[in-house]
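Student: I've got this one open in my viewer and I'd like a close look at a single part of it. Could you walk me through that, and then show me how a couple of other spots are put together?

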Amino acid sequence: MESTLIFRTTQTIAGVYDSLLGGVFVRPGTPEIALSLFGGFFLIACTAVAVEHLTGKRRFGHLALFCSIACFVILNFLLNQPWDELFVNLRHSLHFAESNNFSFNRTQNIEAIVDFLPFFVIGLLGKLGFSLMAMALIQSCLGGLLCILAFKYFLGSLGARGAIQSACILGFSLYPPLVFNSAQGFATSLFSAAILWAIVLLYFSERKHLAFLLLALIPLIRIEGLMVVGLLYGHFMWQHAFSKPSSERLRMGARMIIVGLLILVPTLLLSIYRLMEFGSPLAVCVKYKSAFGNFHYLKLGIRNLIKDLHAAYVPPLLVAFAIGLLRFKHPVLKRLIAPLLILCLFITPYYLSGGDWFPPFWGRYLLPLSLFCMFCIGSLVCLAIKDSAPGVFRLMGSLLAAISFGYYLSPFSHGLAVMKQQLASINVGMGSLRIQDLSMIGKHLERTTHPSDVVASAEVATLMYFSRREALDLLGIANPEIASQPSTLTSNLAYRKRNPSLVAKYQPAIVWLYDFTTLGRQDRPDRQIIENLKQLERDYSPANEYRVGGVGALRKLGYQPIAVFYGNNFSTLYFVASHAVKSHVQKLKQLGFRMSSP
């Protein structure tokens, strides 16, 4: 690091949150106003539920529903902490909006996304001038709202009315995994909503044609949804065709097979498109994360499954539902068993390959199951305390509800603890500080590089999205040359595959290593800055040696370290290839940077 070139400027650089949704995330006082509104809406919702119970007037139920949704939307704003990986998806939308190429790179066809339909639609909206990140966040929030409406429709199909329905909806709207997953911009909440609506319409409604339409769309939202579609439709066929008398079985079976084939047509067309455009029906990220059959990752998957189950409160919900089912044997409760088992089977393959690196309190890959567990408990509570239910039924149902929600409110409920911690944080309502920093790095590289330059990094999402340059992915989720490598034995799922020879092979113009951000104030002497950089190099040496062989390997390849400091206390360090140093330094000087070389 002794030869680092240090550049300073009094100019400032904006991050994504400075303009997102009109800059609402950076306006002073906005989080405090949002917290006050949340408290007010929550109090009104609770009051409306109580008044509805006392008076029986439905208008108070409508008020409680409105306030529940308002609480949910406000929490989405306050807990907005999207992970970097969101921008891997948005790069596809960006390139489709700008050049009709739904691909991770603009000139090289690479698919690194499994959420095809939502981000394809976001790309279409981008063509109309809408902010892609804003559309992603709205899509995610909309998915959560659709889950809430599915819960309301489900309770209504059971005959639940009045205050008990309103109270259940309020509790469901504040369920931490639903709130967290709806606030991040991913398609998880929309995917879960499609599955929940398909189950409700398939098992608790006469509108089967709408259920079939949703089954056709689910794999387009996320390709792994094909498994849950097959299981749900297979069980539906068993119920309505193969369980019929032999005289009707053949005719009904033939009709349902035709419907099943029609349901698969959109997925088949999408697979053909992927094969023609990308050379494979499976995205690169699926291949990167796949470690099926590896005993090491199976153990990690079991560990992650237990963590996710615990954080999403699934064990007490299942226990309470099982007790209620065994005690009362209500026909409605029995109808919930098949979809519950199907969802248990559906989430299993995720964890056989180790799971993922997202935090357990999201319960991201459990979301369809954990939300359906809330459906089960909601049905139990509503059936138990209906006016027509026997006294012991009401008592037992209330006790089971107390057990479930007691765990929900207890110190063991990790998701709720994190929610309370984040709401109390000084950074609440300010968005993701890391994404803010990475977006500024990307914008700096866009200003200071040539459009034909290639940027290499394991930070393959936000930084790459805002740099608007071709990317050399050093992580592997968008790089077939890493995704095809054998899995390494590591406890960190983000490090399961590697190929450190890629920088030497492709000589990208820029290499950004983890985690050279926030280098400190620019008014310090150069010697202090160099010492700080040396410390960062030591701190993150294992990660960078894993990816590229370390800083020393880059220096041997002729890469020049450059540190830049902006006037708004933003700073970073990156490495410039020898063939690009001269033009890059010239560009920095043209932009008003002053250079000093210790």
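Let's start with the strands: how many bridges join strand β5 to β6, and do the two run parallel or antiparallel?

Tutor: Sure, but keep in mind that this is a predicted model. Strand β5 (residues 560–565) is joined to β6 by 6 bridges, and the two run antiparallel. Look at Q560 in β5: the residue it pairs with in β6 is V576. The two strands form a hairpin with 5 residues between them, and in that hairpin N569 has a positive phi near 65 degrees.

β6 also has a partner in strand β4 (residues 510–512), through 2 bridges, and this pair runs antiparallel as well. Here I510 of β4 has V576 as its bridge partner in β6. So V576 turns up in both pairings, as the partner of Q560 and of I510.

Now for the surroundings of β6 itself. Of the 6 residues in the strand (residues 571–576), 6 are buried, so β6 is largely enclosed by the rest of the structure. If you split the strand by side-chain direction, S571, L573 and F575 point one way, T572, Y574 and V576 point the other way, and all are buried. For the cut-off, buried here means under 20% relative accessible area.

As for those other spots, let's try two helix pairs. Helix α16 (residues 337–352) packs against helix α17 (residues 367–384) at an angle of about 160 degrees, with the axes 9 Å apart. That angle makes α16 roughly antiparallel to α17, because angles over 145 degrees count that way. Their crossing is left-handed. On the α16 side the contact uses P339, L340, L343, C344, F346 and I347, and they meet P368, L369, F372, C373 and C376 of α17. Sorted by class, that contact has 11 nonpolar residues, no polar ones and no charged ones.

The other pair is helix α2 (residues 58–78) with helix α5 (residues 132–157): their axes come within 11 Å and cross at roughly 150 degrees. That makes α2 roughly antiparallel to α5. The crossing of α2 past α5 is right-handed. From α2, the residues in the contact are L65, I69, F72, V73 and N76, and from α5 they are C141, G144, L145, I148 and K152. By class, this contact of α2 with α5 divides into 7 nonpolar, 2 polar and 1 charged.

Key:
Residues numbered from 1 in each chain as written. Predicted model: local features only at pLDDT ≥ 70, side-chain atom pairs only at ≥ 80, totals over all residues. Heavy atoms only, no water. Axes fitted to C-alpha atoms, helices over the stretch in contact; angles between N-to-C directions. Helix = DSSP H or I, 4+ residues; strand = E, 2+ residues; numbered from the N terminus. Parallel < 35°, antiparallel > 145°, perpendicular 65-115°, else oblique. Left-handed = near helix turned anticlockwise from the far one by under 90°. Contact = heavy atoms within 4.5 Å. Nonpolar A, V, L, I, M, F, W, Y, C, P; charged D, E, K, R; others polar. Buried < 20%, exposed > 50% of the residue type's maximum accessible area, 1.4 Å probe, protein only. Pairing = 2+ DSSP bridges.
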